[in-house]
Amino acid sequence: MISEKMQKALNDQINAELFSSYIYLSMSAYFESENWTGFAAWMKKQSEEEYGHAMKIYKYVCEVAGRVSLESIEKPKFEWKSAQEVFEEAYKHELYITDRINKIVDLANSDKDHATNIFMNWFVTEQVEEVATVLQIIHKFKLIGDNKGALYMLDRELGSRA
Ligand code: FEO
């Protein structure tokens, strides 16, 4: 069993993960419109992963006899100035999600909710990986600068994401 407060926090996180899926899909659509097919594929894959995160929490809430409550998903941003700007926003978004995850762990600790604490550990680890991955990509953009050939290579590299 989970507390009402925890149920609300997990439902809010389902919404945040669905929004993550939505914003990354919007970023993918932006890249498609700019003919950056590799970046588009990377973001689409990220969008799918975020949907998976939402469903992981959804399944957990059901397992602990909670009630899933789906809310509206905010309209995501539509336009960006450059590929680098998109990844910088993705980075900021992941820091925001990390903060949210940490707050749920804090709540699990204060609730003495050991099951949710263990469940959320996976997300804590996942956030470390996601933040590091996006940061590495931003680093590559900074190295590339105005080199169009190198940017083309990065697009190809990210397009090979399994
Ligand atoms: Fe599900 Fe990228 O956080």
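Start by selecting Ser 82, which sits in the loop between α2 and α3. The model on screen is a predicted one. Ser 82 has a relative accessible area of 31%, so the residue counts as partly exposed. Now add Glu 34 to the selection. Ser 82 and Glu 34 are 48 residues apart in sequence, yet their C-alpha atoms are 9.5 Å apart in space.

**The largest pocket**

Keep Ser 82 selected and turn to the space beside it. The largest pocket holds about 270 Å³. Its lining has 13 residues, and those closest to the centre are Trp 36, Ser 82, Gly 145, Lys 148 and Leu 151. Colour helices α3 (83-111) and α5 (148-159) next, as these are the elements that give two or more residues to the lining. Which classes of residue make up the lining of this pocket? Five are nonpolar, four are polar and four are charged.

**Tyr 30**

Select Tyr 30 next, in helix α1 (residues 4-33). Is Tyr 30 buried or exposed? Its relative accessibility is 6%, under the 20% cut-off, so Tyr 30 is buried. Show the residues that touch Tyr 30, leaving out those up to four places away in sequence: Phe 78, Glu 79, Trp 80, Lys 81, Ser 82, Ala 83 and Val 86. Ser 82, the starting point of the tour, is one of these contacts. For a distance to check in the viewer, take Tyr 30 and Glu 85: the two are 55 residues apart in sequence and 12 Å apart from C-alpha to C-alpha.

**Two loop residues with positive phi**

Move along the chain to Asn 35, in the loop between α1 and α2 (37-63). Most residues other than glycine have a negative phi. Asn 35 is not a glycine, but has a positive phi of about 65 degrees. With a relative accessible area of 64%, Asn 35 is exposed.

Then select Ala 65, in the loop between α2 and α3. Here too phi is positive in a residue other than glycine, with a value near 60 degrees. Ala 65 is exposed because its relative accessibility is 56%, over the 50% cut-off.

**Helix α4 and the residue after it**

Select residues 114-144, which form helix α4. This helix has 31 residues. How far does α4 reach from its first C-alpha to its last? The span is 46 Å, close to the 45 Å expected at 1.5 Å a residue. Centre the view on Met 120 to find a kink of about 25 degrees in α4. Now go to the other end of the selection and add Gly 145, just after α4, where phi is positive at about 60 degrees. Gly 145 has already appeared on the tour, among the residues closest to the centre of the largest pocket.

**The whole chain**

Clear the selection and show the whole protein as a cartoon. There are five helices and zero strands, and the order along the sequence is α-α-α-α-α. The C-alpha trace spans about 55 × 25 × 25 Å along its principal axes. Colour by accessibility: of the 162 residues, 44% are buried. Finally, consider the contacts between residues with a separation of 6 or more: 81% of them join residues 24 or more positions apart. The contact of Tyr 30 with Phe 78 is one to display as the tour ends.

Conventions:
Residues numbered from 1 in each chain as written. Predicted model: local features only at pLDDT ≥ 70, side-chain atom pairs only at ≥ 80, totals over all residues. Heavy atoms only, no water. 1 Å grid on protein atoms, 1.4 Å probe; cavity = no way out; pocket = protein on both sides within 12 Å on 5 of 7 lines; lining within 4 Å. Points joined across faces, edges and corners; volume = space filled by probe spheres on them. Helix = DSSP H or I, 4+ residues; strand = E, 2+ residues; numbered from the N terminus. Nonpolar A, V, L, I, M, F, W, Y, C, P; charged D, E, K, R; others polar. Expected span 1.5 Å × (residues − 1). Bend = angle between axes of the 7 residues up to and from the residue. Buried < 20%, exposed > 50% of the residue type's maximum accessible area, 1.4 Å probe, protein only. Contact = heavy atoms within 4.5 Å.
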